[in-house]
Amino acid sequence: MSKFDSLWNWIQNNGNERFSLTFAEIEKIAGLPIDHSFLTYKKELLEYGYKVGKISMKEQTVMFEKSKEE
C-alpha cells in the first residue's frame, strides 16, 4: 500500500484523458503534503492507467495523462 493510493484512485476515477491538479489539490486528495518523495512514488500511477506529465514548480501544478501502456 502506497501513501498516495487515495490520489491514484482519485485520478483513475476522474476518467479524463489529460488534466492538471495544483499542489494544494493533490495534498487535499492525498491527505498529506506533497514532497520530493512524490517523484519516487509517481511510477506507481502507471498501474492505474495514468502517468505524471509536466510538473511546474513555478505554477505549482502537476499534469496527469492517460498512459498509452494500458
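**Exercise 1. Does Thr 61 count as buried or exposed, and at what relative accessibility?**

Solution. The model is a predicted one.
Step 1: locate the residue; Thr 61 belongs to strand S3.
Step 2: take the cut-off, under 20% relative accessible area for a buried residue.
Step 3: compare; Thr 61 has 16% relative accessibility and therefore counts as buried.
Step 4: list the surroundings. With neighbours within four places in sequence set aside, Thr 61 contacts Leu 21, Thr 22, Phe 23, Lys 54, Ile 55 and Ser 56.

**Exercise 2. Describe how S2 and S3 are arranged, and place Phe 64 in that arrangement.**

Solution.
Step 1: determine the sense of pairing. S2 and S3 are antiparallel, with 5 bridges.
Step 2: examine the connection. The hairpin has 4 residues between the strands, and Gln 60 adopts a positive phi near 55 degrees.
Step 3: find the partner of Phe 64; in S2 and S3 the residue opposite Phe 64 is Val 52.
Step 4: collect the contacts of Phe 64. Residues up to four places away in sequence are not counted; those touched include Ile 11, Phe 19, Leu 21, Ile 26, Phe 38, Leu 45 and Val 52. The list also has Glu 17, Arg 18, Lys 51 and Gly 53.

**Exercise 3. Identify the largest nonpolar core and the elements that build it.**

Solution.
Step 1: count the members; the largest nonpolar core contains 17 residues.
Step 2: rank by contacts inside the core. Leu 7, Trp 8, Ile 11, Phe 38, Leu 45 and Phe 64 have the most.
Step 3: assign elements. At least two core residues come from each of helix H1 (5-14), strand S1 (18-22), helix H2 (23-30), strand S2 (50-56) and strand S3 (61-66).
Step 4: set this against a general tendency: nonpolar side chains in soluble globular proteins tend to be buried together.

**Exercise 4. Work out which side of H1 is buried and how H1 sits against H2.**

Solution.
Step 1: pick out the buried residues of H1, namely Asp 5, Leu 7, Trp 8 and Ile 11.
Step 2: check their directions. They span an arc of only 160 degrees around the axis, so they lie on the same side of H1.
Step 3: name what they pack against: S1, H2, helix H3 (37-41), S2 and S3.
Step 4: take the helix pair. The axes of H1 and H2 are 7 Å apart, at an angle of about 110 degrees. H1 is therefore roughly perpendicular to H2.
Step 5: list the contacting residues. Ser 6, Leu 7 and Trp 10 of H1 meet Ile 26, Ile 29 and Ala 30 of H2.
Step 6: inspect the end of the helix; Gly 15 follows H1 and has a positive phi, near 80 degrees.

Technical notes. Residues are numbered from 1 along each chain as its sequence is written. This is a predicted model: local features need pLDDT of at least 70, side-chain atom pairs count only at pLDDT 80 or more; totals for chains, interfaces and linings use all residues. Side-chain values use heavy atoms; hydrogens and water are left out. A nonpolar core is a set of buried Ala, Val, Leu, Ile, Met, Phe, Trp, Tyr and Cys residues joined through side-chain atoms within 4.5 Å. Buried means under 20% relative accessible area, exposed over 50%, partly exposed in between (1.4 Å probe, protein chains only). Contact means heavy atoms within 4.5 Å. Two strands pair if DSSP finds at least two bridges between them. The arc is that of the directions from the helix axis to the C-beta atoms. Axes are lines fitted to C-alpha atoms, for helices over the stretch in contact, and angles run from 0 to 180 degrees between N-to-C directions. Angles under 35 degrees count as roughly parallel, over 145 as roughly antiparallel, 65 to 115 as roughly perpendicular and the rest as oblique.
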